[in-house]
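Visitor: I should like to learn how to read the features of a model such as this one. Could we go through them in turn?

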There are 2 protein chains.
Amino acid sequence: MRAVKLYGAGDVRVDEVPMPTIREVGDAIIKLAAACVCGSDLWAYRGVDPINDPVTVGHEYCGVVQEVGPSVKNVKPGDFVVGSFFASDNTCEICRSGYQSGCLDRRGMGAENCQAEYVRVPLADGTLVATPRMPEPDLVPHLLAASDVLGTGWFAAKAAEVGPGKTVAVIGDGAVGLLGVLAAKELGAERIIAMSRHESRQKLALEFGATDIVAERGDEGVARIKELTGGLGVHSALEAVGTQESMMQAIRSTRRGGHVGFVGVLHGVNIPGGEFFMSHVHIHGGPAPVRDYLPDLIARIVERRIEPGKVFDLELPFDEAAEAYRAMDERRAIKALLTF
Amino acid sequence: MRAVKLYGAGDVRVDEVPMPTIREVGDAIIKLAAACVCGSDLWAYRGVDPINDPVTVGHEYCGVVQEVGPSVKNVKPGDFVVGSFFASDNTCEICRSGYQSGCLDRRGMGAENCQAEYVRVPLADGTLVATPRMPEPDLVPHLLAASDVLGTGWFAAKAAEVGPGKTVAVIGDGAVGLLGVLAAKELGAERIIAMSRHESRQKLALEFGATDIVAERGDEGVARIKELTGGLGVHSALEAVGTQESMMQAIRSTRRGGHVGFVGVLHGVNIPGGEFFMSHVHIHGGPAPVRDYLPDLIARIVERRIEPGKVFDLELPFDEAAEAYRAMDERRAIKALLTF
């Protein structure tokens, strides 16, 4: 089968690799309905770590179950399923508390070939959620978005305690930030301020439910948020970038007693204790427990209440994966879908 | 009147100073029932900042109202009152959300003479809470504790989402940490692990409701907490020290999805983003909104349900304030009460 491999910084190729096989009794093999590139794949693509041997990339997936291991009970061949970027047993105490991405037996799906034609999913019973019926083909991008970017934006909103009557700022206009806007809207936020300076992203943010757009960044962005909120700051800030500047912007944009939900993978960020102490904000985040939200997200998608797949503004044949990475790296595309 | 002044690192004196007067229409003048030294007063005492002119110290107070400004309606001369270390209007949007210590018009009581015979309290209507009747003299230390250390321990527990069924770790065995133990007990925690290596403090922690004592610190302390919690860590950690080590100990002792409540004034602390991201903990804290809790705390004290004043293990005449500071600095005393 074909799989995307990263050979070095900026060097993406589509290779022929062996088909995945059942290795543990709880595994499932899935034929992927489509594949896609995540913003977090770009860290490796940009060479954040040296690469010697070709590495597996991607961690988002949905598709049809082909085969299951002997212990699998919750899904069966022929089911259309969606899973998260962490496989989880969904039975341990941490899973049951709603933190499946911190499952005591979690397995990172980055180790499997998710940008490929088939993928092995460990802990299938805990990880995979089947759709109520075979979805219409136009729903595939939306379901694929649920695997990570929608679930991650949803967690940012949940971690920031978004709810009715709240004013929300979303920092980051990538797929996760934009879907944070959608999540905030779905969770009943009264006002949603999207921070973006790119016209096409601003447009999608408005479509997803943003009520205000702020193009300024850093201290100027904070000042603008304060202006829009009577000097107090927002109740909830969603941090979907992961840099020092964006994290400080989130903290400084939030009113006392408010909440910062952060999902941008933090790189070289330090939160200064003294300022955090005086800010009175709550901070929570990390790898999103997407599994917890999947039943709800899938229902919203198949009932056609939300269209998270709109973040895919570039669709390419699978063999053109290299161009998908390039387009995202150069910010020509928000998110690229790879079709078979 | 007499007031404590800090002349330089380690140099505490009792001076004769002018009586405070009503300066704003909302002021009240209070005759203090007793005074006390706070752990946070020790930062200045130890010379964290250079001192040129003698500075005012202290910020905890309770006593009898002597005089009020013309706009004051909620308290009157003769009332016994307790206030917090931040005066607050209790009417602004931030106050109404429960963050009076972040009041838009807050005034730090550190600027007044709280270690003195009389003190001026601005924003008296919003700040002061009267006891239902003149308290018996033996209740004074408990009510004075409510002004800061009890309210601060209470906030740590609230910020860490302590509640029934929860396992709690308290990092710091100063007055705030010990009263964090008491707060956790009152808020229904199932198990309370006090981290302390001092016998007298361990004893008081047990008296306040601790179920376990851990003497180890840093990584060893974390390992011991993990051992006691089936490898998961606690639901709630109360950070009542304010150092890098204690903050990291709090984060690392907390299970995924759990909560760290921090009230130790952070000095030179940086929270490393990458580790925080992967930890899945919530962090919240800062200067405690003691005003929010005062009615409840006063009721618990005057009904003799709690005895927070037990943290005062040294009582000295007011003129011996210098020895009170020395004893606390040398950790010979948990907290010193100064009586007139």
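Guide: The following exchange takes up symmetry, the interface, a helix, the core and a sheet. Please keep in mind that this is a predicted model.

Visitor: By what turn can chain B be laid on chain A?

Guide: A turn of 180 degrees, with a shift of 0.0 Å along the axis, lays chain B on chain A with an RMSD of 0.0 Å. That relation is the one of a two-fold axis. The same surface serves both copies, as 100% of the contact residues of chain B recur in chain A.

Visitor: How many residues does each chain give to the contact, and which elements of chain B take part?

Guide: In general, the size of an interface is often given as the accessible area lost when the parts come together. Here one may count residues: chain B and chain A each give 29 residues. On the side of chain B, the elements giving two or more residues are helix H2 (93-96), strand S16 (254-262), strand S17 (270-272), helix H10 (273-279) and strand S18 (282-285). H10(B) provides the largest share, six residues. By class, this side of chain B has 13 nonpolar, 13 polar and three charged residues.

Visitor: Which strands join the two chains, and in what sense do they run?

Guide: Strands of a sheet pair through backbone hydrogen bonds, either parallel or antiparallel. In this case S17(A) and S17(B) run antiparallel and are joined by three bridges. A:Pro272 stands opposite B:Asn270.

Visitor: Why do the buried residues of H7(A) line one face of the helix?

Guide: An α-helix has 3.6 residues a turn, so residues three or four places apart point the same way. In helix H7 (residues 199-208) of chain A, the buried residues are A:Arg201, A:Leu204, A:Ala205 and A:Phe208. Seen down the helix axis, they fall within an arc of 105 degrees, and therefore line one face. They pack against helix H6 (175-186), strand S13 (191-195) and strand S14 (212-214) of chain A. Just after H7(A), A:Gly209 takes a positive phi of about 125 degrees.

Visitor: Which residues touch the most other members of the largest nonpolar core?

Guide: A:Val170 and B:Val170 do so, in a core of 239 residues. Among the residues that A:Val170 touches are A:Val181, A:Ile192, A:Met195 and A:Leu238.

Visitor: Which strands stand at the edges of the five-stranded sheet in chain B?

Guide: The open sheet has the order S10-S3-S6-S7-S11, with antiparallel pairing. S10 (118-121) and S11 (129-130) of chain B are at the edges; each has a single partner strand, so one side of each lacks a neighbour in the sheet. Within this sheet, S6(B) and S7(B) pair over three bridges, and B:Val64 has B:Phe80 as its bridge partner.

How values were computed
Residues are numbered from 1 along each chain as its sequence is written. Chains are lettered from A and ligands numbered from 1 in the order in which they are written. This is a predicted model: local features need pLDDT of at least 70, side-chain atom pairs count only at pLDDT 80 or more; totals for chains, interfaces and linings use all residues. Copies are superposed by least squares on the C-alpha atoms of residues with pLDDT of at least 70 in both. Two residues are in contact if their C-beta atoms, placed from the backbone, lie within 7 Å. Helices (H or I, at least four residues) and strands (E, at least two) are DSSP runs, numbered from the N terminus. Ala, Val, Leu, Ile, Met, Phe, Trp, Tyr, Cys and Pro count as nonpolar, Asp, Glu, Lys and Arg as charged, and the others, Gly among them, as polar. Two strands pair if DSSP finds at least two bridges between them. A residue is buried if 20 or more other C-beta atoms lie within 10 Å of its own, exposed if 12 or fewer, and partly exposed in between; C-beta atoms are placed from the backbone. The arc is that of the directions from the helix axis to the C-beta atoms. A nonpolar core is a set of buried Ala, Val, Leu, Ile, Met, Phe, Trp, Tyr and Cys residues joined through C-beta atoms within 7 Å.
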